[in-house]
Amino acid sequence: MTASLFSRFGTRRALLAGCLLMPLVIAGCSGNYPVKPNEFWNSLFRPSPAIINGLGLTIGISVAAQFLGVVLGVLAAMGKMAKLRILRVLAGIYVWIFRGTPLLVQLTFFYYGFATAGIFKWPGLTIGPVNILPEIVAGIIIMGVNEGAYMSEIVRAGIMAVDPGQTEAAKSLGMTYGQTMRRIVLPQAARVIVPPLGNEFNNMLKTTSLLVVVSVFELYNTFSTAAGRTYATFELMAACAIWYLLLTTIWGFFQAWIERRLARGTTGSTDQTDYSLRARLIGLRNNSGNQGH
Amino acid sequence: MTSPSGVRTDLLGAIGGVPRPETDVVVDARDVNKFFGRLHVLKDVSIQVKRQETVVVIGPSGSGKTTFIRCVNHLEKIQSGRIFVNGHLIGYRETAARGGLPIVGGLPIVNRLPIVGRRKGKDPGATKLVEDKEKNVASQRQEIGMVFQRFNLFPHMTAIENIIEAPIHVRGTSKDEAMVMGRALLERVGLAAKENVYPNQLSGGQQQRIAIARALAMKPALMLFDEPTSALDPEMIGEVLEVMKELAREGMTMMVVSHEMGFAREVANRVVMMDEGVVVEEGTPDQVFSAPSQERTKTFLSKIL
């Protein structure tokens, strides 16, 4: 029977389906546990408003924090390469602290720690009709600042990968440091920065789950709460994992598209490089000889 | 008139005629000294380039000729001496030698080596060079075009975008005006058809011709060429030299570091021979090539001619 399944759907598709169904298969085999398949299927195909809300928060917070991270990363990278010693030192301290301590500690310290000590209480934010809760504001900013420390190294590597002749050519045309950076160096550095930046955002989507400690109801917290209520931890966490997998997979498509756009004007840009989802996910390249039967 | 490679006459017509330098002596370098760490690469180098003159600097590798030309638009710092272009001191400001730290851009800048003015008739130590603000250096460079050995075209921009980039964003020319000038320049270096092509799809010779057009688009009073044909395949050298010859003929003020002795003989008003950081001899091409007065020039020429 397995053989016929494989030949009918193709090996990879059959394996993929197998992986997705694995939790239920295991549950079915573990005699005493009363499986609640509805909790699993409903949270996937008929998600409650809470889950939709959690999804939205996860995406929104990730995008905002990553954006902040990129901005801070560029600033910190330029700081690290600045002529002025004080800028180099400041950028160094920033990266040192935020890369050297756990995000979980940063979140609790700056949110609860600051509030308890009476130093600073995070305010909510109102943008037009939208009210953003204080814990979400704190989450975005703390995660963004943390991300900036990692981005700074990525941006710095990207800038250093640009041929110094480019800077000299720009200078010789009378461009200032700022113009040279904005118009010549950073657009070229972007090609080097974007692939690891994609990885960072993939990470960010998943790391937002840590915001459970400041009680933001993002995806993980929503599922975790539901699990506490229904005791269907096994089914709900499996479904939660699939939601995250879906997010990171869709992001994979975007990343491939952006990388193709940025390849303009580089060697090999005329090649039909295979950036298919399958190639990115499981590291297999499309070649016709390998396509099932 | 068009040559086989498509290079046309009236190159400078594309930028509204020959740029007029403000002074008779366009480049005036006096007693320039430069160190890389402990290595003394330029030793009291003095070179002048007059208006509409083409000066070719020759010499063995490591003689400091490339370093010198890079000092002229302050891509390299100097430790002593003065370089004036168009009457302006390049890259530095003179300040009183002793009497506290000079203030530049709000913060004190301390040079690693003491810089002492050595101009004749001046008390040594009376003034001191302090590196100028980055913004001022940038505006000085607008008047100095530079062509590099490795072209250094911007790979993320098409040929025309490379040319109009600085006129638009540095000079503030309108895009329409810049496009007209850019197309005229491309046409005159024989590459009108390559307007929307990215540099990596062009040959070395084509890239270098676009690099020359890019520098010309700023209407510079002076053009610097740093071994412009050294990275080219032999069959492409001709088309680049052709553009340079045309520029010289039309009266562009040029300083060229080159190993192309044929070009020097044909185009140069003066040839400067450098070796080990020193100007060994200078004179008309005839003098230097046919009757060199220095032993080092003879040895060098016998090796390459």
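Strands β1(B) and β2(B) form a hairpin with two residues between them, and B:G37 in the turn has a positive phi of about 60°. This is a predicted model, in which local features need pLDDT of at least 70, side-chain atom pairs count only at pLDDT 80 or more, and totals for chains, interfaces and linings use all residues. Residues are numbered from 1 along each chain as its sequence is written, chains are lettered from A in the order in which they are written, and side-chain values use heavy atoms, without hydrogens and water.

Strands (E, at least two residues) and helices (H or I, at least four) are DSSP runs, numbered from the N terminus. In the hairpin, β1 (residues 25-36) and β2 (residues 39-50) of chain B run antiparallel and are joined by eight bridges; two strands pair if DSSP finds at least two bridges between them. Opposite B:F35 stands B:H40 in β2(B).

Helix α4 of chain B covers residues 175-188, 14 residues in all, and reaches 20 Å from its first C-alpha to its last, close to the 20 Å expected at 1.5 Å a residue. That expected span is 1.5 Å times one less than the number of residues. Among the buried residues of α4(B) are B:M179, B:M181, B:L185 and B:R188. Buried means under 20% relative accessible area, exposed over 50%, and partly exposed in between, with a 1.4 Å probe and protein chains only. The cover over these buried residues includes α3 (159-171) and α5 (204-216) of chain B. After α4(B) comes B:G190, with a positive phi near 80°.

Over all chains, the structure holds 23 salt bridges. A salt bridge is a side-chain nitrogen of Lys or Arg within 4 Å of a carboxyl oxygen of Asp or Glu. Three of them are listed here.

| Salt bridge | Closest N and O atoms |
|---|---|
| B:K77 and B:E131 | 3.4 Å |
| B:R93 and B:D132 | 3.9 Å |
| B:E239 and B:R209 | 2.9 Å |

B:E239 lies in helix α6 (residues 234-250) and B:R209 in helix α5 of chain B, so this pair ties together parts 30 residues apart in sequence. Both B:E239 and B:R209 are buried.

In the salt bridge between B:R93 and B:D132, B:R93 is in strand β6 (residues 92-96) and B:D132 in the loop between β9 and α2 (134-141) of chain B, 39 residues apart. B:R93 is partly exposed at 31% relative accessible area, whereas B:D132 is buried at 12%.

For the first pair in the table, B:K77 is partly exposed at 38% relative accessibility, and B:E131 is buried at 18%.

A network of salt bridges links A:E168, B:K34, B:R70 and B:E76.

Note on methods
Contact means heavy atoms within 4.5 Å.
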